[in-house]
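Hi everyone, thanks for coming. Today I'd like to walk you through aromatic rings and cysteines. Have a look at this one with me.

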Amino acid sequence: MASYIHTVGVAENSYDTIPERLRIWAEKYPDKTAVVSYDAEYKRHQITLKEMHDGAVKFAKALMKLGIKKRDKIAFCVPNCVEWMSYDIGIMMTGAYSMRLMFGLADIKSVIEGCSAVVFGSKSIWDSFLSIAQIDNNGKVSCEACPDLRFAIDVSNSHRPANALSAAKLMAEVSDDDEVEFPYIDPEDIASINQTSGTTGVPKRICHSHFNFINLPDKFVSGTSISTFDVLFSGRPMGYIGGYPFLLLTKGAKHVTGDVEMLNDTKNFDFVVNLWQQEKCTIVGVAPQDLKRLGNRGFRVKTVLSGGDMLTHDAIEYSFKIADEFGIIYGATEALIISSRFFTPENMSQHRQGMLGRPLEGTEIKIVDEEKRVVDIGKTGYLYFRSKWTTKTFLDGTSCLEKGWYSTSDIGYLTKDGDIIMIGRSTDFIKKCTVKLSIKLIEDYVGRQPNVDAVVVVPIPDEEVGERVCACVTIRPNHEFNEEELKKFCTETMPQPKNFDCVSMHPDYILYFPSFPLLASGKFDRKAIKTLALKKVKDSKNN
């Protein structure tokens with residue numbers, strides 16, 4: 001049997017736009033809290049559905065007064081805050097495209113190219129922008145590298161550069177009596193442009209329509225108990241697919257978030273858990289590396305959600321100490337959500353390491369070999385997907401697809417029951433001599449050592465064997481780092497080499513890190529960790 005599956009769609013689609021959906025919720029529940037956000041100083045802020053909608057209308061009017069028109073591109077990079085959705089949806093109301101940026105992973109010129117304006121909200125972002133542009137009187141921008149830029153708007157006030165326009169002031173100058181005719185927006189118009197991480201040098205611009213943003217999350221919640229009265233927590237940036245308030249739009253559910261750096265600092269984990277209880281969260285997103293921190297807390301939530309990594313059986317078991325069920329979500333910027341599956345203590349026997357769940361409604365999956373031929377069920381290969389939600393072209397018109405399918409670097413297989421099992425990524429291997437060693441498998445073994453809090457394995461170039469295995473570890477509170485103890489644990493628990501070359505997956509280097517640098521998404525910054533590891537190894541050899 002071929003490794004192909006198509007989950008047929010049965011739920012009805014909605015033909016709404018995001019601004020229209022917000023208007024509906026604001027009219028139905030005007031005083032219902034929409035977003036709660038905690039700032040870097042742990043201070044709580046909130047906004048109601050009506051306040052959010054009114055703010056979006058005012059921001060849209062302010063933009064149109066400045067000359068923003070349909071199909072303009074607005075570079076939007078604002079830290080999590082209660083007004084975030086008002087700015088984002090306000091841009092959409094003008095018919096312009098909200099281009100949600102990822103700074104720090106690519107040259108700033110490449111991420112704002114073609115934009116008519118910038119809407120920013122932090123010092124680091126403004127510093128990057130001012131390295132290539134000048135803001136003149138009345139917020140007008142001069143930028144030789146990006147000549148389409150017309151003006152700059154700040155939403156923070158505390159970090160506003162000289163001459164930049166203030167969003168708050170612009171909105172305060174808008175009267176309810178101001179007559180502005182908003183352009184017609186079709187549900188299949190572009191709602192936002194999300195950027196990939198830019199690991200190839202230039203981020204790709206992924207376009208998603210209002211239709212996608214409204215309907216795909218409906219498929220995800222279809223058949224679940226998720227409702228308007230749920231409260232979801234996410235510590236990821238609201239501009240990322242994984243941190244966007246989808247349930248706010250689809251169900252009117254309250255979204256709880258905050259300063260990303262503060263929420264993802266391991267020292268603040270107890271604060272975050274207490275925040276869940278205070279806000280009466282029913283659904284909480286937890287990064288894979290934080291699952292082991294969960295424990296009996298004197299209260300329970302309905303669901304823990306996680307994804308973005310190969311989750312072990314033990315990691316999921318931790319979630320049941322605080323939650324009734326655990327949800328795996330597998331997605332991509334190009335397709336939003338691809339697959340999911342929910343587990344409870346009763347059906348955990350069905351879980352396998354690396355399980356990504358079953359394809360979302362309307363999604364097709366196939367597994368192919370190096371020559372693009374579909375392999376048999378249970379055979380390993382590259383994962384391909386397609387659906388009506390998958391981006392067909394990038395913003396520049398170039399195709400995202402291979403014969404209608406989106407190809408990934410993820411390696412895995414399909415089970416007879418329709419589950420996707422991930423083995424790793426094509427980049428998740430260390431080539432030592434003639435053998436490819438799985439980074440994820442090594443991390444799993446090292447992470448079982450009782451003193452280890454988190455582990456990231458990176459390759460270290462070596463003239464003799466090609467690459468050596470380096471395990472970077474952080475240690476649990478009130479425990480000590482002992483390299484010899486860790487090496488002994490690995491020798492006793494990890495598989496012994498069975499190949500002809502007798503190549504071992506045991507770490508050649510074990511390095512202690514007080515903490516790991518994080519990406520804005522809350523995931524470990526593996527590039528930065530590898531750079532630091534290379535330096536540590538080099539320094540140790542020179543000593």
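Let's start with a definition: two rings of Phe, Tyr or Trp count as a pair if their centres lie within 6.5 Å. And keep in mind that what you see is a predicted model.

So, how many aromatic pairs does the structure hold? There are 22 of them. I'll pick out a couple.

One of them joins Y15 and F211. Their ring centres are 6.0 Å apart and the planes make an angle of 65 degrees, which makes the pair edge-to-face. Now, where do these two sit? Y15 is in the loop between β1 (4–6) and α1 (18–28), while F211 belongs to helix α7, residues 210–221. That is why this pair ties together parts that are 196 residues apart in sequence. Buried or exposed? Y15 is partly exposed, because its relative accessibility is 49%, whereas F211 is buried at 13%.

Staying with helix α7, let's go to F213, which pairs with F246. This pair is stacked: 5.5 Å from centre to centre, with 20 degrees between the planes. F246 lies in helix α8, residues 246–251, and F213 lies in α7, so here the linked parts are 33 residues apart in sequence. Both F213 and F246 are buried. They also have company: ring pairs link F76, W84, F213, Y244 and F246 into a cluster.

Rings can have charges over them too. Take Y445: the charged end of R448 sits over its ring, 4.5 Å from the centre. Then there's F513, where K536 lies over the face of the ring, 5.0 Å from the ring centre.

Okay, on to the cysteines. A disulfide is a covalent bond between the sulfur atoms of two cysteines. How many disulfides do we count here? The count comes to zero.

Why does C281 have no bond? The closest cysteine sulfur to the one in C281 is in C81, and at 18 Å that is too far for a bond. C281 is buried, by the way, with a relative accessible area of 5%.

C472 is a nice one to think about. Its closest cysteine sulfur is in C470, 4.0 Å away. The cut-off for a disulfide is 2.5 Å, so 4.0 Å is too far for a bond. C472 is buried as well, with a relative accessible area of 0%.

That's my tour, thanks for listening!

Notes: Residues numbered from 1 in each chain as written. Predicted model: local features only at pLDDT ≥ 70, side-chain atom pairs only at ≥ 80, totals over all residues. Heavy atoms only, no water. Phe/Tyr/Trp six-rings, centres within 6.5 Å; stacked < 30°, edge-to-face > 60°. Helix = DSSP H or I, 4+ residues; strand = E, 2+ residues; numbered from the N terminus. Buried < 20%, exposed > 50% of the residue type's maximum accessible area, 1.4 Å probe, protein only. Lys NZ or Arg CZ within 6 Å of the ring centre and 35° of its normal.
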